[in-house]
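The following report describes side-chain packing and charged pairs in one protein chain. Please read it alongside the sequence and the coordinates.

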Amino acid sequence: MELFFLSGLILFAFFVSISVVFLLYHKSYASHPNLPRGKMGLPFIGESLEFLSTGRKGHPQKFIYDRMAKFSSQVFKTSILGEPVAVLCGAAGNKFLFSNENKLVTAWWPSSVNKIFPSSLQTSSKEESKKMRKLLPNFMKPEALQRYIGIMDTIAQRHFESGWDGKQEVIVFPLAKSYTFWLACRLFLSIEDPKHVEKFADPFNALASGIISIPIDLPGTPFNRAIKASNLIREELRSIIKQRKIDLAENKASPTQDILSYMLLFTDDNGQFMNEMDIADKILGLLIGGHDTASAAITFVVKYLAELPEIYNEVLKEQMEIAKSKKPGELLNWDDIQKMKYSWNVACEVMRLAPPLQGAFREAINEFIFAGFSIPKGWKLYWSANSTHRNPEYFPEPEKFDPTRFEGNGPAPYSYVPFGGGPRMCPGKEYARLEILVFMHNVVKRFSWEKLLPDEKIIVDPMPIPAKGLPVRLLPHNA
């Protein structure tokens with residue numbers, strides 16, 4: 001009887017405490033006048049489960065469009081990852097966020113990012129983001145990348161010889177990851193030995209899959225595996241950095257051979273060089289940013305070319321004209337890339353329908369007004385590519401695959417945002433364009449292909465990925 005009474009008391013206390021938390025939770029938001037319409041969901045959890053589950057079901061746009069229809073096509077409130085969030089929609093919302101970086105809003109990352117990248121704890125991931133945006137443009141601008149196109153083509157050819165040639169069937173997504181990772185290792189670190197690249201691959205995949213996860217550091221969790229993997233990779237990077245310092249001092253390495261040399265010689269406004277841990281973390285971040293998104297885009301290029309033979313034939317025609325103009329053994333160059341206009345329009349349409357980056361978070365530095373609503377200081381903000389990419393207001397017949405959308409002046413400003421926009425345009429956009437086009441050239445001149453799973457499900461977690469990795473049957477042109 002006493003046990004029954006005690007259990008009842010505990011349950012009563014539990015429900016009272018939950019009710020109090022629930023009331024305080026909603027009261028804290030109600031205290032701000034003129035907030036956007038929307039719903040905050042459950043305490044602590046908010047609407048995170050629905051936000052994530054629509055992606056895992058392959059329909060990330062559903063979360064956005066349902067609330068745009070119910071509350072506002074410009075802005076609505078929700079709660080994601082334990083934070084109050086205002087979701088800004090449409091081209092006007094994108095323009096506002098991208099144009100007010102470090103004025104009204106700043107970059108925001110989940111706490112897991114700071115824990116996996118220890119050097120960012122000394123300043124914050126926001127400060128690190130600012131540093132990277134200062135550092136990268138000189139290396140990533142088109143005139144700097146031109147000299148690497150031949151290297152990209154060489155690695156692509158070696159990739160296809162080792163992973164595709166002689167195979168009847170392949171799984172595209174892991175191969176795309178292998179290609180983009182090999183490229184990143186070569187161009188960022190001058191590592192091109194496949195065995196050395198492979199040494200990085202497994203821990204790197206563990207890091208990439210756990211970086212935006214629930215930050216529970218217990219054995220076996222994705223977050224714990226990501227921390228272990230980052231420590232392992234960081235130690236390997238530090239040994240590479242130490243050796244490069246020696247090689248630069250002895251003129252055995254070039255100051256312009258890759259981004260590692262560039263970082264080692266880069267000084268801040270006070271004339272200070274970056275320390276080794278800082279460089280290792282920045283290289284890690286670049287490997288993640290330049291690898292996962294591009295491999296997802298490449299996978300979906302292969303998917304859509306399998307589904308749309310008339311589009312494939314036009315890409316093949318353009319690429320074979322370039323191939324026929326080359327001497328035996330001659331590598332691709334900048335002029336060849338500039339001729340790949342139709343191929344790039346196809347890749348852009350792929351990224352409209354399956355944006356590798358679904359959106360990103362910001363944080364309000366100060367309270368401000370958007371579309372007539374107050375956004376409190378400290379609130380998180382989210383922009384979603386899907387609020388415009390599949391919106392008939394910006395793209396008529398949005399479900400139709402139509403590369404001509406990108407001819408002439410292309411889409412309306414801030415409506416097409418796979419790389420962000422305005423001052424927040426991704427500094428790696430040109431690098432991504434080159435690695436995607438070099439891949440397209442090499443794959444279509446070798447093969448056509450068929451999907452082995454016609455109705456393969458797409459999951460978004462956090463990038464779009466075919467559930468089984470996109471298995472295809474290869475049909476070599478020379479067969």
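Tryptophan 164 touches His159, Val170, Val172, Leu175, Phe439, Val443, Phe447 and Leu474, leaving aside residues up to four places away in sequence, where contact means heavy atoms within 4.5 Å. The model is a predicted one, in which local features need pLDDT of at least 70 and side-chain atom pairs count only at pLDDT 80 or more, while totals for chains, interfaces and linings use all residues. Residues are numbered from 1 along each chain as its sequence is written, and side-chain values use heavy atoms, with hydrogens and water left out.

Tryptophan 164 also appears, together with Phe188, Leu305, Tyr431 and Trp449, among the residues that touch the most other members of the largest nonpolar core, which has 101 residues. A nonpolar core is here a set of buried Ala, Val, Leu, Ile, Met, Phe, Trp, Tyr and Cys residues joined through side-chain atoms within 4.5 Å; buried means under 20% relative accessible area, exposed over 50%, and partly exposed in between (1.4 Å probe, protein chains only). Helix H14 (residues 276-307) supplies the largest share of this core, 14 residues; helices (H or I, at least four residues) and strands (E, at least two) are DSSP runs, numbered from the N terminus. A second, separate core of 20 residues includes Val75, Ala86, Trp383 and Ala385.

The structure holds 25 salt bridges, each defined as a side-chain nitrogen of Lys or Arg within 4 Å of a carboxyl oxygen of Asp or Glu. Three of them are set out below.

| Salt bridge | N to O distance |
|---|---|
| Arginine 67 and glutamate 47 | 2.9 Å |
| Glutamate 83 and lysine 380 | 3.3 Å |
| Arginine 473 and glutamate 450 | 3.2 Å |

Arginine 473 lies in strand E12 (residues 471-476) and glutamate 450 in strand E9 (residues 447-451), so the pair ties together parts that are 23 residues apart in sequence. Arginine 473 is partly exposed at a relative accessible area of 33%, and glutamate 450 is likewise partly exposed, at 37%. In the pair of glutamate 83 and lysine 380, by contrast, glutamate 83 is partly exposed at 23%, whereas lysine 380 is buried at 4%.

Arginine 67 and glutamate 47 are both buried, and they belong to a network of salt bridges that links Lys39, Glu47, Glu50 and Arg67. Phenylalanine 63, in helix H3 (residues 60-70), touches two members of that network, Glu47 and Glu50, as well as Phe51, Thr54, Phe76, Thr78 and Ile80, not counting residues up to four places away in sequence. Phenylalanine 63 is itself buried, with a relative accessible area of 1%.
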